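Biologist: I'd like a close look at one helix in this model, starting from its end and working outwards. Take your time, and tell me what else ties in along the way.

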Amino acid sequence: MAASTRPLPVTGRRPTHAPFIAADVGGTHVRIGLVHGGDPVEVLHYRKYACADFPGLAGIIAAFLATLPDAGTIHRGVIACAGHALEDGSLLSANLPWPVAPGRIRAQLGFDDFRLINDFEAVAHAVTAADAHALLRLSGPERAPPGPTLVVGPGTGLGAAVRIPGHPRATVLATEAGQASLTVSTELEIAVLQAFGRERRHIPIEHALSGPGLVRLHAALAQVRGTTPTQATPDAITAAALAGDDALARDTLELFCGLLGSAVGDMALLYGAHGGVYLAGGILPRIRDFLAHSSFVQRFLDKGPMREVLLRIPVTLVEHGQLGVIGAASWYLGQEQNDNEERMPAR
């Protein structure tokens with residue numbers, strides 16, 4: 001099913017461009033918009049689709065185009081997608097229900113141009129507009145000096161990207177931080193990690209810190225305690241934990257928040273994110289109050305003498321919403337500008 005929402009503007013002076021498609025492709029949902037590249041960049045039409053309802057991404061884009069009055073004039077597009085781009089232009093992803101090959105999709109849609117960017121790389125391109133969509137500051141001062149900014153969040157997997165300020169434009173580094181090894185600190189976390197280790201050798205961060213990871217944490221915690229899982233889906237675990245009538249679900253969500261704080265603190269140090277940390281993703285806004293009262297901040301700061309460094313880094317929860325679509329559009333316009341500059345004759 002599709003859901004409409006209010007368009008969001010992006011500030012920044014850019015030349016006017018004909019409208020094009022920008023989509024944020026996750027493992028569960030695709031958020032897609034018709035974008036006008038004027039000043040400011042604006043999402044003209046926006047919908048959200050469930051991946052499971054379609055046999056492939058081209059079908060989702062075609063369904064969106066069918067809702068537009070002037071679909072025949074749309075010949076360009078960009079997708080922000082979780083995964084790693086391969087040399088042949090296809091995408092390697094463990095979390096998508098179908099393969100993504102931009103060249104094939106471009107041909108199916110009859111587009112002149114169709115490009116691909118990592119999903120959290122796209123969110124990082126939109127992070128300068130994120131203050132307007134901030135939900136909650138969890139730690140640190142209101143403002144930080146200019147510096148690298150980390151954008152990270154759990155969804156179907158765990159995504160992360162780093163935005164480095166620069167002139168004439170910032171540089172964004174996509175990462176595969178979700179595939180790095182999960183580290184633990186407490187006796188309970190060690191026991192849960194051992195339970196995970198009975199099934200697989202490499203335990204990536206997103207094995208625990210994602211929607212499916214929440215279900216795995218719930219099952220592993222039940223195993224450690226010698227009981228049976230009480231819930232079967234991320235939504236059910238979250239709802240039961242927030243309701244307060246299911247101790248196992250509540251402890252699972254607390255375990256999730258603690259591990260997330262520790263992992264984000266590690267990333268902030270690894271990437272030198274002195275400019276701030278933005279938490280995005282579909283799960284966190286739904287648990288904002290629980291997150292604020294959990295061990296997240298304590299574990300984020302619990303890095304020995306580096307605590308003083310982390311205390312100076314703002315950590316802000318933002319509404320992911322259209323940020324992926326906006327960021328993909330902003331990146332695409334920057335790529336077009338680069339292409340035009342390269343085609344200009346040297347003076």
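Modeller: Right after helix α7 comes G272, which has a positive phi, near 60°. Keep in mind that this is a predicted model, so everything here is computed from it. Working back from G272, helix α7 covers residues 247-270, which makes 24 residues. At 1.5 Å a residue you'd expect a span of 34 Å, and the C-alpha atoms at its two ends sit 35 Å apart, so the two figures agree. At the other end, where α7 starts, D246 points a side-chain oxygen at the backbone nitrogen of L248, reaching to within 3.1 Å.

How much of α7 is buried? The count is 17 of its 24 residues, so the rest of the structure largely encloses this helix. Here "buried" means under 20% relative accessible area.

One residue in the α7 stretch, L259, takes us to a cavity, as it is part of the lining there. The whole structure has one cavity of 30 Å³ or more, and its volume is about 30 Å³. Joining L259 around it are L182, V184, E189, V192, L193, F196, A208 and L217. Helix α4 gives the largest share of that lining, with four residues. Sorted by class, the lining has eight nonpolar residues, one charged residue and no polar ones.

E189 is worth following from here, since that cavity-lining residue also pairs with R299 in a salt bridge, at 2.6 Å from N to O. This pair bridges distant parts of the chain: E189 belongs to helix α4 (residues 187-197) and R299 to helix α9 (residues 296-301), with their positions 110 residues apart. Both partners, R299 and E189, are buried.

A second salt bridge joins D235 and R286, with 3.3 Å between the closest N and O atoms. D235 sits in helix α6 (residues 234-243), while R286 is in the loop between β13 (276-279) and α8 (288-292), so this pair ties together parts 51 residues apart in sequence. R286 comes out as partly exposed, because its relative accessibility is 48%, and partly exposed is the range between 20% and 50%.

For completeness, the model has six salt bridges altogether. Another of them pairs D113 with R115, whose closest N and O atoms are 2.9 Å apart. As a rule, oppositely charged side chains can pair when their charged atoms come close.

Conventions:
Residues numbered from 1 in each chain as written. Predicted model: local features only at pLDDT ≥ 70, side-chain atom pairs only at ≥ 80, totals over all residues. Heavy atoms only, no water. Salt bridge = Lys/Arg side-chain N within 4 Å of Asp/Glu carboxyl O. Buried < 20%, exposed > 50% of the residue type's maximum accessible area, 1.4 Å probe, protein only. 1 Å grid on protein atoms, 1.4 Å probe; cavity = no way out; pocket = protein on both sides within 12 Å on 5 of 7 lines; lining within 4 Å. Points joined across faces, edges and corners; volume = space filled by probe spheres on them. Nonpolar A, V, L, I, M, F, W, Y, C, P; charged D, E, K, R; others polar. Expected span 1.5 Å × (residues − 1). Polar contact = N/O pair within 3.5 Å; in protein donor to acceptor, adjacent residues only side chain to side chain.
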